[in-house]
2 protein chains.
Amino acid sequence: MSLVEKLTSLIGQGKVTVNETILEHHSKDESHFEPVLPDVVVFPASSEDVQKVVLFAKEHKIPVVPFGIGSGLEGHAIPVHRGISIDFSQMNQIIELRPEDLIVKVQPGVTRMQLNQELNKHGLFFPVDPGADATIGGMTATNASGTQAVRYGVMKDQILDLEVVLADGRLIHTGSLAKKSSSGYHLNSLFAGSEGTLGLFTEITLKLHGIPESIMAARACFPTVKHCVEAAVSILTAGIPIARMELVDDRSIAQVNAFSGTSFPEEPSLFLEFHGNDAGNEADAQFVQELLAEQECRSFTFEKDSLKRAQLWKARHDLSYAFRHSNPKLHTINTDVCVPISKLAEMVDYARTRIKAHGLDGAVLGHIGDGNFHTLTLFDPQDPEQLHKIESLNEEIVTFALTLGGTCTGEHGVGLGKMKYQQKEHGEALAVMASIKSLLDPDNILNPGKLLPAQTEMAL
Amino acid sequence: MSLVEKLTSLIGQGKVTVNETILEHHSKDESHFEPVLPDVVVFPASSEDVQKVVLFAKEHKIPVVPFGIGSGLEGHAIPVHRGISIDFSQMNQIIELRPEDLIVKVQPGVTRMQLNQELNKHGLFFPVDPGADATIGGMTATNASGTQAVRYGVMKDQILDLEVVLADGRLIHTGSLAKKSSSGYHLNSLFAGSEGTLGLFTEITLKLHGIPESIMAARACFPTVKHCVEAAVSILTAGIPIARMELVDDRSIAQVNAFSGTSFPEEPSLFLEFHGNDAGNEADAQFVQELLAEQECRSFTFEKDSLKRAQLWKARHDLSYAFRHSNPKLHTINTDVCVPISKLAEMVDYARTRIKAHGLDGAVLGHIGDGNFHTLTLFDPQDPEQLHKIESLNEEIVTFALTLGGTCTGEHGVGLGKMKYQQKEHGEALAVMASIKSLLDPDNILNPGKLLPAQTEMAL
């Protein structure tokens, strides 16, 4: 029997394919890494299907690579050692919504927009919002965050329970429906962010939030990016519970205006949002305006209208695409370091200087309320010199961030792109991570070649 | 050489003792569990001292039990297999405060009040507030929380980095200074809440918060506890970012009035607090008053004066002591389940019914914004019948909470008291926890006999 026939006999007709187009779709993500075709793509419909596939893979030592919607930025879903790509798009049900508990249980293939559409009917929302309409499974696997993390936390902070299929086919639950717990070891956060290397998620139970009574957005323009960063720091240290605080530099605004048809002033800007009640938001916004004036804020514009507000955040979310699709011949490299807030101005300044020094076309933007920012730099993948330059740039930015006590990735994950920095960032702790991987996946069938650098895996 | 001489030769004079009073002090905590004397108590002054003690313990397979201030409620610090009690009280320095980053790095022996005293000078605070003036090390080990978790999260949510001495003497860092990260496996939350069974903390780096511009407290009285609970649920689902929401029943208020000299009305009450700006708090408080009126709220009293407010929260924090010290012959058993909010009224009702059915004297109080509450029940440890009753009560309450999808411990931890419920709560995941314990502490020298039930340890 062929691989397709064997897998079909296990999980049934119509769930297994070697169709070239589908293999190709599962060979890549949004990163610039070389595509690799999987041997086969399966579309499980249930936890049991996933268990059967994993047990089969374990028996035959075949790699298993989970696939959400392919919006990853570090090559997580690329089956670098081929094997089985498990596509969770058929497991896309909202299993149980408990509005009175502020809890929802979903299958991993549910996307964040699909989820919010349902939640909004009940006056609720889910705050984690990466740029793409990613799946909840993928967002859990990479510990995604986005623009609202500064107020509501990142993906791992929302997780109450995961149903996980382990490498040996066992099904475990890592938490409960309780909002907090001191019972046993906290497995939720060990599996969240594990990028498919420790287990496959088949159910995800999340905390929800009530839509605030009042939401107020604003744009503030500054003479330089450094002014933006210092303004952001002053807002944070004043203890204002800002819900969103995004840096968008002049280059990014130009791109977004061209892509989204907006007409924002092409100046270094902060996009801000306040969540609360009207009176509280008004007071916070006024205080923020005063703080920003001290940072030479040139203009402070409210976007009170909900359509205008939606347009503002859509423009922000589309920014990465705006760059990526600005020239079909060019790729983008998207750095993702996160540093302590007080080092942010220095860090951003360094990144911009290095982009210029390499003669590259790049922008700076990001979730500066968390100390997390991205440089989006365009390059021609056919040009070895440019390729070399952007690799140097990435390395310079990561190295500087680590020197400042930061991390190589604030929200995109390790995947293929950040493996080489794991030893430097984690030191001796990397050996502990590798031993946990070895414990839970001794045959290294779960997304092999990701997260842990090869020498670590070999040293197990 | 004696054990004392050997340890002294390793870490120096004045840090090792077998003084009877000191041994006795390290034989117990605030729980009702039988004290056990350690063989020796050491007072390390540095990470290196801790490493040396652990390496010695590893070589001789001697248990090592961390000790903070002895305020635990589940027997965590009791050296049930004797060995070395490591008292962290000499490692009580605030190593580095970075106000502009909202970050502090402390040694594990720093207490929460000591920390806040320093932070307040900079307009900052640390929100995790268990009843006792516990050490940050102990609070990290049990994943403590308290009255402000509903707004600011629990202990594990505050941790940026831990310096940990592993069972083999290795020193690792589990995080960085970045506020968020998707790099590597999230070891912070694996070690937080591990109760000294996976490693010993020697440095703890925490997120801080700016003291809000305005703090407003209020007391609301209701005809029954059930009304209190339903009122709390209505506040949460309305999306109001309440900073504290405590249930204190009539029995507890009577106790607190007697102990603290207060004169609160002896009715089932909610103690509330709002953090924000004046205008926002006024608006939230007014909305809350309207919501509570629908739950037959009998009185709603603001405590705007900061001294009155401090008195309110001190009374709340002292409640557990008020019971414990009300009669020197009696002990208290303090249950700690946490359930989904919608099940809270049913859960609390069940707990109160069972206390009555056993003919015991008990109260109900807790952090109901998180679905976490405690029953404080008095009993005579010399009376086998009462002892049997309180054990049955605890078991009934835990079993019911687990049926509702909850956890056996919301914040006190497993220790000795909740080991027997681990299998039922975690199922197959308990085997994963046990295998991680076995991986990181193969000789089972780190706080043996805690967290993992004996049969699990044996099955490794």
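About 6,300 Å² of area is buried between chain A and chain B, with carbon and sulfur atoms giving 59% of it. This is a predicted model, and there are two contacts to walk through here: the one between the chains, and one inside chain A, where domain 3 and domain 4 bury about 1,600 Å² between them.

**Chain A against chain B**

- Each chain brings a good list of residues to this contact: 87 from chain A and 87 from chain B.
- If you want a place to start looking, try A:Lys180, A:Ser182 and A:Tyr185, which supply 15% of the area that chain A buries against chain B, more than any other three residues.
- On the polar side, the interface has 8 salt bridges, along with 42 residue pairs in polar contact, both partners at pLDDT 80 or more.
- One salt bridge to pull up on screen joins A:Arg170 to B:Glu428, with the closest N and O atoms 3.2 Å apart.
- Several elements of chain A each put at least two residues into the side that touches chain B, among them β9 (171-173), α8 (187-191), α11 (278-293) and α17 (429-440).
- Of the elements, α17(A) gives the most to that side, with 9 residues.
- By residue type, the side of chain A that touches chain B splits into 35 nonpolar, 34 polar and 18 charged.

**How chain A is divided**

- Chain A comes in five pieces: domain 1 (3-89), domain 2 (92-210), domain 3 (214-320), domain 4 (325-403) and domain 5 (424-458).

**Domain 3 against domain 4 in chain A**

- The C-alpha centres of domain 3 and domain 4 of chain A sit 22 Å apart, and their contact takes 21 residues from domain 3 and 19 from domain 4.
- Of the area buried between domain 3 and domain 4 of chain A, carbon and sulfur atoms give 63%.
- Within domain 3 of chain A, the residues losing the most area to domain 4 are A:Val229, A:Leu247 and A:Arg251, which together make up 29% of what that side buries.
- A:Arg251 also has a charged partner: its side chain meets that of A:Asp361 in a salt bridge (2.8 Å, N to O).
- In total, 2 salt bridges link domain 3 and domain 4 of chain A, and there are 6 residue pairs in polar contact (both at pLDDT 80 or more).
- The elements giving two or more residues to the domain 3 side are α9 (225-237), β13 (244-248), α10 (250-260) and α13 (319-324) of chain A, with α9(A) giving the most, 8 residues.
- The domain 3 side that touches domain 4 of chain A divides into 11 nonpolar, 3 polar and 7 charged residues.

Technical notes:
Residues are numbered from 1 along each chain as its sequence is written. Chains are lettered from A and ligands numbered from 1 in the order in which they are written. This is a predicted model: local features need pLDDT of at least 70, side-chain atom pairs count only at pLDDT 80 or more; totals for chains, interfaces and linings use all residues. Side-chain values use heavy atoms; hydrogens and water are left out. Domain bounds come from an automatic or database domain assignment. Contact means heavy atoms within 4.5 Å. Buried area is the accessible area (1.4 Å probe) that two parts lose on being put together, summed over both. A salt bridge is a side-chain nitrogen of Lys or Arg within 4 Å of a carboxyl oxygen of Asp or Glu. A polar contact is a pair of N or O atoms within 3.5 Å; within protein, one must be able to donate a hydrogen and the other to accept it, and residues adjacent in sequence count only if both atoms are side-chain atoms. Helices (H or I, at least four residues) and strands (E, at least two) are DSSP runs, numbered from the N terminus. Ala, Val, Leu, Ile, Met, Phe, Trp, Tyr, Cys and Pro count as nonpolar, Asp, Glu, Lys and Arg as charged, and the others, Gly among them, as polar.
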